[in-house]
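Here is a briefing on one protein model. Please look over the sequence and the structure before reading on.

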Amino acid sequence: KAVLESMASGVPLVTTRVGQAMDLVQHGHNGWMVESEDFEGLAFWAEQAVRQRTETGNIVKLGRRTAEANTYESQLPQWRDFMTGFVNFAA
């Protein structure tokens with residue numbers, strides 16, 4: 001949830017390759033992602049996010065689009081399809 005919260009709030013995202021980040025983050029496009037336990041990579045990309053404001057602004061904008069495309073409401077049809085056969089939905 002922190003991935004989408006960061007993207008939605010305009011915070012440049014630097015994350016490790018875990019959980020939801022693996023599905024949503026495209027390194028260098030809408031955030032920066034490194035392997036788990038890559039502390040040097042986290043520090044490097046965090047510094048890049050601070051120093052390169054022009055690039056960061058575009059990445060933040062694309063992150064916001066990712067968050068908007070993955071709102072709770074936009075995911076309801078996917079969850080409905082996933083749960084079909086397990087849960088009966090009211091019409």
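Helix α4 provides the largest share of the lining of the largest cavity, at 4 residues. The model is predicted. The notes below start with that cavity, then turn to α4, the largest pocket, helix α5 and the salt bridges.

**The cavity**

- The model holds 1 cavity of 30 Å³ or more.
- The largest cavity contains about 40 Å³ of space.
- Its lining consists of Ser6, Met7, Gly10, Val11, Pro12, Leu13, Asn30, Ile59, Val60, Gly63 and Arg64.
- Two elements, α1 and α4, each give two or more residues to this lining.
- By class, the lining of the largest cavity splits into 6 nonpolar, 4 polar and 1 charged residues.

**Helix α4**

- α4 has 17 residues, which should span 24 Å at 1.5 Å a residue. The C-alpha atoms at its ends are 24 Å apart, in agreement with that figure.
- Which residues of α4 are buried? They are Thr56, Ile59, Val60, Leu62, Gly63, Thr66 and Ala67.
- An α-helix has 3.6 residues a turn, so residues three or four places apart point the same way.
- The buried residues of α4 pack against α1, α2, β2 and α3.
- Ile59, Val60 and Gly63 are buried in α4, and these residues also line the largest cavity.
- Thr56 sits in helix α4. Its relative accessibility is 7%, so Thr56 counts as buried.
- Leaving out residues up to four places away in sequence, Thr56 touches Pro12, Trp32, Gln48 and Ala49. Of these contacts, Pro12 is also part of the lining of the largest cavity.

**The largest pocket**

- The largest pocket has a volume of about 180 Å³.
- Lining it are Lys1, Leu4, Glu5, Ala8, Gln20, Ala67, Glu68, Asn70, Thr71, Tyr72 and Gln75.
- Three helices supply at least two residues each to this lining: α1 (2-9), α4 (53-69) and α5 (72-83).
- Which element gives the most to the lining of the largest pocket? It is α1, with 3 residues.
- The lining of the largest pocket divides into 4 nonpolar, 4 polar and 3 charged residues.
- Ala67 lines the largest pocket and is buried in α4.
- α1 and α4 therefore serve both spaces: each gives at least two residues to the pocket lining and two or more to the cavity lining.

**Helix α5**

- The 12 residues of α5 should span 16 Å at 1.5 Å a residue. Its end C-alpha atoms lie 15 Å apart, which agrees.
- Gly85 follows α5 and has a positive phi, near 95 degrees.

**Salt bridges**

- The model has 3 salt bridges.
- Arg17 pairs with Glu35 in a salt bridge, and their closest N and O atoms are 2.8 Å apart. Arg17 lies in the loop between β1 (14-16) and α2 (21-24), and Glu35 in the loop between β2 (32-34) and α3 (39-51), so the pair ties together parts that are 18 residues apart in sequence.
- Arg17 is partly exposed, at 35% relative accessible area. Glu35 is partly exposed too, at 45% relative accessibility.
- Glu47 forms a salt bridge with Arg51, with 2.8 Å between the closest N and O atoms. Both belong to helix α3, 4 residues apart, so about one helical turn separates Glu47 from Arg51.
- Is Arg51 buried or exposed? At 64% relative accessibility, Arg51 is exposed. Its partner Glu47 is partly exposed, at 38%.
- Glu68 forms a salt bridge with Arg64, and here the closest N and O atoms are 3.0 Å apart. This pair lies in helix α4; being 4 residues apart, Glu68 and Arg64 are separated by about one helical turn.
- Glu68 is partly exposed, with a relative accessible area of 46%. Arg64 is partly exposed as well, with 39%.
- The Glu68 and Arg64 salt bridge links to both spaces through its residues: Glu68 lines the largest pocket, while Arg64 lines the largest cavity.

Definitions and conventions: Residues numbered from 1 in each chain as written. Predicted model: local features only at pLDDT ≥ 70, side-chain atom pairs only at ≥ 80, totals over all residues. Heavy atoms only, no water. 1 Å grid on protein atoms, 1.4 Å probe; cavity = no way out; pocket = protein on both sides within 12 Å on 5 of 7 lines; lining within 4 Å. Points joined across faces, edges and corners; volume = space filled by probe spheres on them. Nonpolar A, V, L, I, M, F, W, Y, C, P; charged D, E, K, R; others polar. Expected span 1.5 Å × (residues − 1). Salt bridge = Lys/Arg side-chain N within 4 Å of Asp/Glu carboxyl O. Buried < 20%, exposed > 50% of the residue type's maximum accessible area, 1.4 Å probe, protein only. Contact = heavy atoms within 4.5 Å.
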